[in-house]
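Here's a quick tour of a protein model, written for someone who likes to know the cut-offs behind each number. Have the viewer open and follow along.

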Amino acid sequence: MTFFYQVFTQNKLCSCVIIAYFPRVSNVQPPAPLLGGSSTMRWPRLQRNYRQNESYDWLKEYRTRYVVGLQIRRTVVSISKRFFTEVPCVGQVLGDSFAEIESLGAPEHFCEDELLSILNSDKRKSLTLKYYAKKILYFLRQQNILRSLKVFLEQPANEQSALEGAVLVDQYCNPLAEVTLENILAQLEDIADKVRKCLRVSNPSHPSQRATTGDCLVVEDFELQRQVICALNTVLYEQLQFTGNECDFYNPLNSYIHQVLLRRTGIPISLSVLYMTLARKLGVVLEPVNFPNHFLLRWCQKQRRSGDIYDYVYIDTFGKGKQLTAKECEYLIGHQVTADYYSAISTSKVLLRMVGNLLNIGKRGEGNEKSYQLLRDSLDLYLTINPDNVQYLLLQARLYFHLGIWPEKVLDILQHIQALDPTQHGAVGYLVQHTLEHIQHKRHPVLPEAKLRSATQHRDVQYSVGLIMKHKRSGYNCVIYGWDPRCTMSQEWITTMRVHQLSNGANQPFYNVLVQDGTCRYAAQENLEPHSAPLEIAHPEVGRYFSEFSDTHYVANEELQARYPEDMTETLGTVGELYRLTPSSLGSEGLPPSVRPNADAKSP
């Protein structure tokens with residue numbers, strides 16, 4: 001029998017409700033302190049970590065989960081206070097906090113469960129807590145995935161599955177998504193079943209019809225192999241409409257296996273991994289070919305593997321499974337290549353090519369948080385697979401240095417580079433010098449001064465942090481998270497953005513705003529106006545500055561209020577004036593629910 005018991009604690013921070021999950025075991029009774037509660041489940045995600053037919057010390061489990069929950073929340077709060085003024089690098093600060101958690105002997109799933117509890121709480125509240133909880137969860141999951149990748153790479157090369165490696169890459173770049181190898185394999189098995197049905201029509205006696213799930217089928221006859229390839233092309237490209245993504249080739253989603261299956265589009269290498277895996281399930285062995293600019297598969301036309309490139313047919317999965325000769329492959333790239341480029345490559349080299357694609361996309365990015373994160377993730381993966389690549393080690397050190405994060409790790413990377421290649425002493429020496437200066441500066445930080453609206457030099461500032469605005473010219477929605485009495489950008493920026501064409505030029509207040517599209521912008525006061533119908537701004541950095549969305553505005557968190565101590569009073573006054581005193585201009589339907597006349601208290 002399975003029991004669920006609940007205990008309520010007096011601790012409001014954790015608002016902790018315990019569920020003890022009892023597998024079906026004989027002679028096991030719920031511990032006395034857990035008796036008498038209701039059966040509402042508080043921690044449902046923990047069930048999968050307990051096995052049936054095993055007994056546990058449930059009181060110890062509860063106590064550990066409770067203490068871990070408190071420590072996790074203290075850690076999240078401390079990160080907010082320490083990293084408000086600089087780019088948060090979670091891995092840099094988790095050491096001390098998680099050393100204490102590890103000393104409890106706590107399983108990692110307790111840490112993750114508490115972080116998920118924070119993230120799944122009231123959508124509009126505790127935004128800062130959620131912002132850092134998400135970063136910690138991102139980091140913890142990535143560390144687990146890196147460990148799995150290292151174990152995978154230690155396997156014999158002939159036992160490494162390109163699909164499993166591609167899923168690990170996918171998981172590392174999307175650690176908050178529920179991507180599992182089991183789910184991917186189930187989707188591919190469904191596609192394989194469709195191929196078997198297609199084969200049944202043309203050849204009911206095909207060997208694939210007799211194979212069961214888990215069998216290691218190998219089809220030797222060339223004609224039977226050809227039937228598999230034809231059926232696979234029919235199902236993938238005609239029935240399921242898989243295509244190469246020519247219109248948006250450099251979208252990173254094209255490299256993530258779960259997204260390729262979901263969107264049914266990808267780039268040559270991701271489509272090849274799926275195609276190769278499906279063919280193998282159906283008894284046909286295809287090999288990956290690291291062809292320049294266009295990844296291919298090769299299919300041997302001889303009974304035994306051959307060293308002659310002309311004994312293979314090359315399959316272009318990006319081109320709907322088109323079969324090419326060695327000579328026709330060169331037409332894809334417009335020039336001749338040596339025979340080496342037609343050779344089969346190992347799984348680790350497939351992964352390096354896949355990660356290299358993501359790395360190049362990150363380098364092509366616009367310099368925003370999203371592109372930097374992709375660059376960091378792909379560098380982590382590349383250097384896990386090939387840890388002694390000096391070029392990418394140097395790029396990683398430069399990236400961390402540029403972002404101003406984790407200077408201690410930068411020094412470790414530079415030391416490793418120097419040991420690998422002493423000729424890099426010039427670049428290494430420059431970065432070491434400036435990194436040491438950065439560390440020294442962090443030991444004696446200069447805290448930014450508070451900006452008081454009442455100060456004479458700030459008398460022209462009309463708007464305050466937390467107000468939801470609309471850009472008059474561009475039309476975007478945004479929220480203010482900072483301001484300057486005058487434009488503080490460089491003369492080059494002012495010229496490029498044509499600030500001189502504004503009626504008040506650079507000599508007017510400018511506002512730091514988080515925009516609905518995920519960008520951060522610096523907008524002139526004359527170009528902004530309060531939004532007539534305030535709405536939530538879906539920006540990933542909202543939680544860094546605000547603790548709550550309150551229908552008409554965002555509430556600044558403690559750190560932002562310390563920077564702008566008089567702004568929240570001004571914001572409350574402004575929204576009261578805008579949305580309470582001018583209903584005729586807005587219309588009652590345009591007002592937020594909290595200030596709408598006779599508004600239903602339950603309205604969202």
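## Starting at V432

Leaving out residues up to four places away in sequence, V432 touches L411 and L414, where a contact means heavy atoms within 4.5 Å. V432 sits in helix α15, which spans residues 425-443. Helices here are DSSP runs of H or I with at least four residues, strands are runs of E with at least two, and both are numbered from the N terminus. The C-alpha atoms of V432 and L414 are 7.3 Å apart in space, with their positions 18 residues apart in sequence.

V432 counts as partly exposed because its relative accessibility is 25%. The scale calls a residue buried under 20% relative accessible area, exposed over 50%, and partly exposed in between, using a 1.4 Å probe and protein chains only.

## Ground rules

This is a predicted model, so local features need pLDDT of at least 70 and side-chain atom pairs count only at pLDDT 80 or more, while totals for chains, interfaces and linings use all residues. Residues are numbered from 1 along each chain as its sequence is written, and side-chain values use heavy atoms, with hydrogens and water left out.

## The whole chain

The protein chain has 20 helices and 15 strands. Of its 604 residues, 49% count as buried. Take the contacts between residues at least 6 apart in sequence: 61% of them join residues at least 24 apart.

The chain exposes about 30500 Å², and carbon and sulfur atoms supply 50% of that. Accessible areas come from the Shrake-Rupley method with a 1.4 Å probe, and for residues only the protein chains shown count as cover.

## The second largest pocket

Rolling a probe the size of a water molecule over the atoms shows where empty space is left. The search runs on a 1 Å grid over the protein atoms alone: a cavity is a set of points where a 1.4 Å probe fits but cannot get out, a pocket is an open set with protein on both sides within 12 Å along at least five of seven lines, and lining residues have an atom within 4 Å of a point. Grid points are joined across faces, edges and corners, and a volume is the space filled by probe spheres set on the points.

The second largest pocket holds about 1300 Å³ of space. It is lined by 46 residues, and M276, R280, V284, V285 and L286 are the closest to its centre. Elements giving two or more residues to this lining are α5 (162-173), α6 (181-202), α7 (222-239), α9 (268-281), β5 (287-289), β6 (296-300) and α11 (347-364). By type, the pocket lining splits into 21 nonpolar, 13 polar and twelve charged residues. Nonpolar means Ala, Val, Leu, Ile, Met, Phe, Trp, Tyr, Cys and Pro; charged means Asp, Glu, Lys and Arg; the others, Gly among them, are polar.

## The second largest cavity

How many cavities of 30 Å³ or more turn up in the whole structure? The search finds three. The second largest cavity has about 60 Å³ of space, and its lining is I191, L236, Y237, F242, L261, L271, L274, Y275 and L278.

Helices α7 and α9 each supply at least two of those lining residues, with α9 giving the most, at four. The lining of this cavity comes out as nine nonpolar, no polar and no charged residues.

## Two acidic residues

E287 lies in strand β5 and is buried, because its relative accessible area is 12%. Not counting residues up to four places away in sequence, E287 touches M276, L296, L297, R298, R305, Y312 and A344. S346 is 59 residues from E287 in sequence, yet their C-alpha atoms are 9.0 Å apart.

E164 belongs to helix α5 and is partly exposed, because its relative accessibility is 26%. With the same neighbours up to four places away left out, E164 touches F152 and L181. E164 and F152 are twelve residues apart in sequence and 8.5 Å apart, C-alpha to C-alpha.

## Positive phi and cysteines

Most residues other than glycine have a negative phi. S126, in the loop between α3 (108-119) and α4 (127-153), has a positive phi near 50°. D551 has a positive phi near 70° and lies in the loop between β14 (546-549) and β15 (554-556).

With a disulfide taken as a pair of cysteine sulfur atoms within 2.5 Å, the count is zero. C247 is exposed, at 83% relative accessibility, whereas C478 is buried, at 0% relative accessible area.
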